[in-house]
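Subject: Structure for your review

Dear colleague,

Please find below the structure that I am handing over to you, together with its sequence. My notes on what was found follow directly after it.

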Amino acid sequence: MKVQKKMMGITLFAMVALTVAACGTNGQPPASEITRQAGDISTPEQTSYASLYQTSVFLGDSITEGLSYHDVLKDENVLAGAGKTAEFALEDLDELVKRKPEHIFIQLGSDDILWPTDHPKEYSLSYYAQLIERIKERLPEAPITILSVTPVTAKAEKAEPRYQNIGDYNKGLKELASKVKVGYIDVSSIVADHPDMYDADGIHFQAKFYPILLDYVKDELARMESAK
């Protein structure tokens, strides 16, 4: 099942990549189960992630999909797939509502910045705003937290220069989060501190990256809550 799932993900990601190549202070979420359980900064071994995030759903692309592919979170807590963009994520809204999450994390953009349009950042963020608005309409009690797009390696950036726009895209995400009053967590520092956790393509990540990511998210939520 996992092998089939990985092959489907890789195939879809490749299709999107080929298509692209051919075409040339934030509002903070209220206290949640995550922040209630968060204490001091923890190590991956000290946390049961499936339990900690059992009422959450992570919505995103193939980077986010790694959470369930590597069995760090259960499938029901991850709604993600290769090639997913903010526009395509609108199609997942019914499924998201069906899962009744108490906290929603969104991590989209790594495919959006490659989209074959004149202004991919503006195009993407307009759909990102629509996505958040519709989630709020249908799940008004569930806080939303945006996670920044993870940077890629220098080699990956050289192979695909559009990845140089990740920093600017993340700036747009932070501004959007402030405007629509949702949480925003910049996870770039995790990658900078753990460059050995990249997969072979310099874009995706090995399994050991994801517990560190979830710990960081938990601790950032706790900090934001205590700062109120």
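Phe-209 belongs to helix H11, which covers residues 209-226. Please keep in mind throughout that this is a predicted model. The relative accessible area of Phe-209 is 1%, so this residue counts as buried. Its distance to Asp-199, taken from C-alpha to C-alpha, is 9.9 Å, while the two residues are 10 positions apart in the sequence.

Aromatic rings

A pair of aromatic rings is described by two values, the distance between the centres and the angle between the planes. The structure contains 8 aromatic pairs. How are the rings of Tyr-198 and Phe-205 arranged towards each other? Their centres are 4.9 Å apart and their planes stand at 25°, so this pair is stacked; the cut-off for stacking is an angle under 30 degrees. Tyr-198 and Phe-205 are both buried.

Phe-209 has a ring partner as well, namely Tyr-210. In this case the centres lie 5.2 Å apart and the planes stand at 80°, so the pair is edge-to-face; that label requires an angle over 60 degrees. Tyr-210 is buried, as is Phe-209. Taken together, Tyr-198, Phe-205, Phe-209 and Tyr-210 make up one aromatic cluster.

The strands

Which residues of strand E3 are buried on each of its faces? On one side they are His-103, Phe-105 and Gln-107, and on the other side they are Ile-104 and Ile-106, so that both faces are covered, as "buried" is defined by a relative accessible area under 20%. The strand runs over residues 103-107, and 5 of its 5 residues are buried.

Strand E3 pairs with strand E1 (residues 56-60) in the parallel sense, over 5 bridges. Within this pairing, Leu-59 is found opposite Ile-106 of E3. Strand E3 also pairs in the parallel sense with strand E4 (residues 144-147), here over 3 bridges. Phe-105 stands opposite Thr-145 of E4. The path from E3 through helix H7 to E4 forms a right-handed β-α-β unit.

Strand E4 is likewise covered on both faces: Ile-144 and Ile-146 are buried on one side, and Thr-145 and Leu-147 are buried on the other. Strand E4 pairs in the parallel sense with strand E5 (residues 183-185) over 3 bridges. The bridge partner of Ile-146 in E5 is Tyr-184.

The largest cavity

Rolling a probe the size of a water molecule over the atoms shows where empty space is left. The largest cavity in this structure has a volume of about 50 Å³. Which residues line the largest cavity? They are Thr-85, Ala-86, Glu-87, Asp-112, Trp-115, Pro-120, Tyr-123 and Ser-124. By type, the lining divides into 4 nonpolar, 2 polar and 2 charged residues.

Two helices, H5 (86-89) and H7 (120-138), each contribute at least two residues to the lining of the largest cavity. Helix H7 gives the most, with 3 residues. Helix H7 is also part of the β-α-β unit described above, together with E3 and E4.

Two loop residues

Finally, I would draw your attention to the backbone angle phi at two residues. Asp-71 has a positive phi of about 60°, although it is not a glycine. Asp-71 is located in the loop between helix H4 (62-69) and strand E2 (78-80). Is Asp-71 buried or exposed? With a relative accessible area of 55%, Asp-71 is exposed, as the cut-off for this class is over 50%.

Lys-100 has a positive phi too, near 50°, and is a residue other than glycine. The loop that holds Lys-100 lies between helix H6 (93-99) and strand E3. Lys-100 has a relative accessibility of 67% and therefore counts as exposed.

I suggest that you read these notes with the model open beside them.

With kind regards

Notes: Residues numbered from 1 in each chain as written. Predicted model: local features only at pLDDT ≥ 70, side-chain atom pairs only at ≥ 80, totals over all residues. Heavy atoms only, no water. 1 Å grid on protein atoms, 1.4 Å probe; cavity = no way out; pocket = protein on both sides within 12 Å on 5 of 7 lines; lining within 4 Å. Points joined across faces, edges and corners; volume = space filled by probe spheres on them. Helix = DSSP H or I, 4+ residues; strand = E, 2+ residues; numbered from the N terminus. Nonpolar A, V, L, I, M, F, W, Y, C, P; charged D, E, K, R; others polar. Buried < 20%, exposed > 50% of the residue type's maximum accessible area, 1.4 Å probe, protein only. Pairing = 2+ DSSP bridges. Right-handed = clockwise from strand over helix to strand, strands pointing away. Phe/Tyr/Trp six-rings, centres within 6.5 Å; stacked < 30°, edge-to-face > 60°.
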